Amino acid sequence: MMENQDNDLNRTKNKENTIKVLVLGLDNSGKTSLIMSHKGERNLMNYFSLKPTKNYNIETYKSSLNQTPIAVWDFGGQKIFRETHLANLKTYADSAQKLIYVFDVQDKKRYQVALTYLKKILTRIKEQLNEIEIMIYLHKYDPGIEKDPDFNKEKIQNSLIPNIRELMPKNIKYEIDKTSIFTMFRKSTVFMNQID
Ligand SMILES: Nc1nc2c(ncn2[C@@H]2O[C@H](COP(=O)(O)OP(=O)(O)O)[C@@H](O)[C@H]2O)c(=O)[nH]1
Ligand SMILES: [Mg+2]
């Protein structure tokens with residue numbers, strides 16, 4: 001999954017050659033972590049010490065794959081920022097190539113809140129949706145998590161995914177992916193052993 005992200009982000013470019021990506025989702029869903037892992041952060045300690053993102057944060061860096069400049073807009077996601085972000089979203093989405101919406105699959109209690117926020121986002125930028133590629137991440141889908149008794153795979157398969165598909169406009173390109181910050185260490189067995 002993480003291995004594909006460079007390709008995902010590099011597929012489309014704008015005039016200035018910078019790829020603009022918006023990352024939205026509820027607070028604590030893992031947005032900042034996903035961006036750090038895409039930037040190449042490999043020290044797990046830096047993920048555990050993350051503080052909630054205030055308002056929004058723009059990260060610019062060069063793709064490790066082909067040096068293409070990338071600007072990632074990381075939106076805080078706390079309730080106090082959501083309405084303002086929605087109000088300004090049309091402007092933020094101007095010349096964006098990609099919008100990543102992050103669900104925390106481990107936060108079952110807030111699936112509905114997260115779905116409602118996604119719906120509001122899609123409504124806000126409906127005229128721009130033809131130009132923006134949408135990716136939905138079912139994040140914190142950690143290796144081995146399906147064996148966890150608290151984890152409800154059926155709720156994801158039979159409720160969350162169908163609910164996402166129902167609110168997505170039928171005529172736009174989008175994809176839904178399972179992601180986890182831990183899968184990027186798959187090739188580094190030492191780290192995997194420490195986490196599992
Ligand atoms: N189990 C698990 N925890 C994660 C994952 N990604 C992020 N986290 C943790 O979730 C918390 C919130 O992450 P953060 O990136 O700050 O979320 P944000 O508020 O959406 O930016 C942090 O404690 C992260 O270490 C993941 O894939 N699996
Ligand atoms: Mg954050």
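Tutor: Two strands pair if DSSP finds at least two bridges between them. The model discussed here is predicted.

Student: Why are β2 and β3 called paired strands?

Tutor: Seven bridges join β2, residues 56-62, to β3, residues 69-75. The definition asks for at least two bridges, so β2 and β3 pair. The two strands run antiparallel, and Tyr-61 stands opposite Ile-70 in β3.

Student: What lies between β2 and β3 in the hairpin?

Tutor: Six residues lie between β2 and β3. In the turn, Gln-67 has a positive phi of about 65°.

Student: What makes Val-72 a contact of Val-23?

Tutor: Two residues are in contact if their C-beta atoms lie within 7 Å. Val-23 is in contact with Val-72, so the C-beta atoms of this pair lie within 7 Å. Leaving aside neighbours within four places in sequence, the contacts of Val-23 also include Leu-34, Ile-35, Phe-75 and Ile-100.

Student: How do you know that Val-23 is buried?

Tutor: Val-23 is among the residues with the most contacts inside the largest nonpolar core, which has 36 residues. A nonpolar core is a set of buried residues, so Val-23 is buried. The elements that give two or more residues to this core include β1, α2, β3 and β4.

Student: Which residues come nearest to ligand 1?

Tutor: Of the 20 residues around ligand 1, Gly-30, Lys-31, Thr-32, Ser-33 and Lys-140 come nearest. Helix α2 gives the most to this shell, with three residues.

Student: Why is Lys-31 called charged, and how does the shell divide?

Tutor: Lys counts as charged, so Lys-31 is called charged. The shell divides into six nonpolar, 10 polar and four charged residues.

How values were computed. Residues numbered from 1 in each chain as written. Chains lettered and ligands numbered in written order. Predicted model: local features only at pLDDT ≥ 70, side-chain atom pairs only at ≥ 80, totals over all residues. Near = placed C-beta within 6 Å. Helix = DSSP H or I, 4+ residues; strand = E, 2+ residues; numbered from the N terminus. Core = buried A, V, L, I, M, F, W, Y, C linked by C-beta atoms within 7 Å. Buried ≥ 20, exposed ≤ 12 C-beta atoms within 10 Å, placed from the backbone.
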